[in-house]
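Thank you all for coming; I would like to walk you through one structure this morning, and I will take it slowly for those who have not met it before. Please have a look at it on the screen before I begin.

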Amino acid sequence: MSNPDRPGGTYALAGRPVARVGYGASALARLRDDRPAAVALLRRAVELGVDHVDTAQFYGDGLVNDLLREALQPGDGVVVATKVGADPDPGGPFPMRLAQRPEQLRASVEDNLRSLGTDHVPLVNLRRLEGTSRIRAEGDQLVDLDDQLAVLTALRDAGTIGAIGLSSVEPDTVRRALPAGIACVQNEYSLVERDDDGLLDLCAAEGVAWVPFHPLGGVLAGARRVADEPAVREVAAAAGVTASQVGLAWLLHRSPAVLLIPGTASLAHLEANVAVGSLRLDPGALRALDGH
């Protein structure tokens with residue numbers, strides 16, 4: 001499933017091949033006061049061959065979805081993937097609150113449809129907040145997976161959503177969900193965060209796309225950053241590219257099932273991220289990175 005004319009080739013997502021280098025739209029919230037710049041960034045992504053965009057209603061309390069609605073056209077053929085399991089909470093201590101109950105999942109899908117200006121979303125990821133998630137479900141937000149999949153499957157059967165994915169999940173959850181038909185898994189994963197190596201391999205074997213978030217590490221204070229690793233810096237210097245590009249390229253080399261969704265509010269960074277699709281790491285570089 002490769003296509004040299006698309007960034008990084010292609011892999012199947014929600015029933016169609018998409019470029020392996022996509023775009024994570026959360027960073028568009030930084031451009032709240034410069035809407036034309038946000039729209040121009042999205043249009044440039046499409047020009048560069050990006051046809052998989054990751055979003056959520058809780059990104060900027062609907063702002064990011066609204067920007068996607070303005071910038072993307074039906075003819076662009078972009079697979080828009082959104083997330084449910086949390087809703088915006090702009091007045092709270094954190095910009096989102098858990099919304100795991102089945103009726104909340106359905107309402108979240110409807111909110112996404114309204115803000116995106118559509119009656120169909122190609123892919124909806126269920127964020128379960130398991131594993132290494134910094135926020136954990138408790139109380140009435142601790143909901144059985146089968147109850148959640150039931151409502152999403154009903155929405156899929158009705159044609160409201162095209163496919164179901166999982167986010168922030170442990171291997172047992174993925175195994176339980178596979179019979180329901182899972183398009184992708186979104187978990188934290190990078191060169192410096194490889195606890196899910198086995199889960200990635202399981203997904204690849206099942207034809208399920210692996211969509212890593214925080215692909216360059218360093219999210220929390222003191223956490224390792226891919227770009228700071230000596231081996232990464234050495235490979236980058238030898239190849240004449242940035243350390244961040246090497247970190248993203250390693251992910252593409254890790255498995256053909258990997259789909260990248262790096263986020264940025266910068267046109268220059270967007271173009272650098274898309275260029276990773278044509279960056280080839282030789283066997284010696286890959287050995288150095290794997291053994292760092």
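I will begin with how the values were obtained, then turn to a pocket, a pair of helices and some individual residues.

What you see is a predicted model, in which local features need pLDDT of at least 70 and side-chain atom pairs count only at pLDDT 80 or more, while totals for chains, interfaces and linings use all residues. Residues are numbered from 1 along each chain as its sequence is written, and side-chain values use heavy atoms, with hydrogens and water left out.

Let me start with empty space, which is shown by rolling a probe the size of a water molecule over the atoms. The second largest pocket has a volume of about 380 Å³. A pocket here is an open set of points, on a 1 Å grid over the protein atoms alone, where a 1.4 Å probe fits and there is protein on both sides within 12 Å along at least five of seven lines; lining residues have an atom within 4 Å of a point. The volume is the space filled by probe spheres set on the points, with grid points joined across faces, edges and corners.

Which residues lie nearest the centre of this second largest pocket? They are Leu72, Val78, Val80, Leu116 and Thr118, out of a lining of 15 residues. By class, that lining has eight nonpolar, five polar and two charged residues, where Ala, Val, Leu, Ile, Met, Phe, Trp, Tyr, Cys and Pro count as nonpolar, Asp, Glu, Lys and Arg as charged, and the others, Gly among them, as polar.

Val78, which I have just named, is placed in the loop between helix H2 (63-71) and strand E5; helices (H or I, at least four residues) and strands (E, at least two) are DSSP runs numbered from the N terminus. Val78 counts as buried because its relative accessibility is 15%, buried meaning under 20% relative accessible area, exposed over 50% and partly exposed in between, with a 1.4 Å probe and protein chains only. Leaving aside neighbours within four places in sequence, Val78 is in contact (heavy atoms within 4.5 Å) with Arg16, Val46, Val50, Asp51, His52, Val53 and Leu72.

Strand E5 itself covers residues 79-84 and contains Val84, which is buried at 0% relative accessibility. Beyond its neighbours within four places in sequence, Val84 touches several residues, including Leu105, Val109, Val124, Leu126 and Leu152.

I turn now to the helix pair. The axes of helix H8 (residues 243-254) and helix H10 (residues 283-290) come within 11 Å and cross at roughly 100°, the axes being lines fitted to C-alpha atoms, for helices over the stretch in contact, with angles running from 0 to 180 degrees between N-to-C directions. H8 and H10 are therefore roughly perpendicular to each other, given that 65 to 115 degrees counts as such, under 35 as roughly parallel, over 145 as roughly antiparallel and the rest as oblique. Val246, Trp250 and His253 of H8 make the contact with Leu286, Leu289 and Asp290 of H10, and by class this contact has four nonpolar, one polar and one charged residues.

Two residues have a positive phi although neither is a glycine: Ala14, at about 55°, and Leu129, at about 65°. Ala14 sits in the loop between E1 and strand E2 (16-19) and is partly exposed at 27% relative accessibility, whereas Leu129, in the loop between strand E8 (123-127) and helix H4 (145-157), is buried at 5%.

Finally, Tyr11 belongs to strand E1 (residues 10-13) and is buried at 7% relative accessibility. The C-alpha atoms of Tyr11 and Trp210 are 10.0 Å apart, with their positions 199 residues apart along the chain. Pro36, in helix H1 (residues 35-47), is exposed at 60%.
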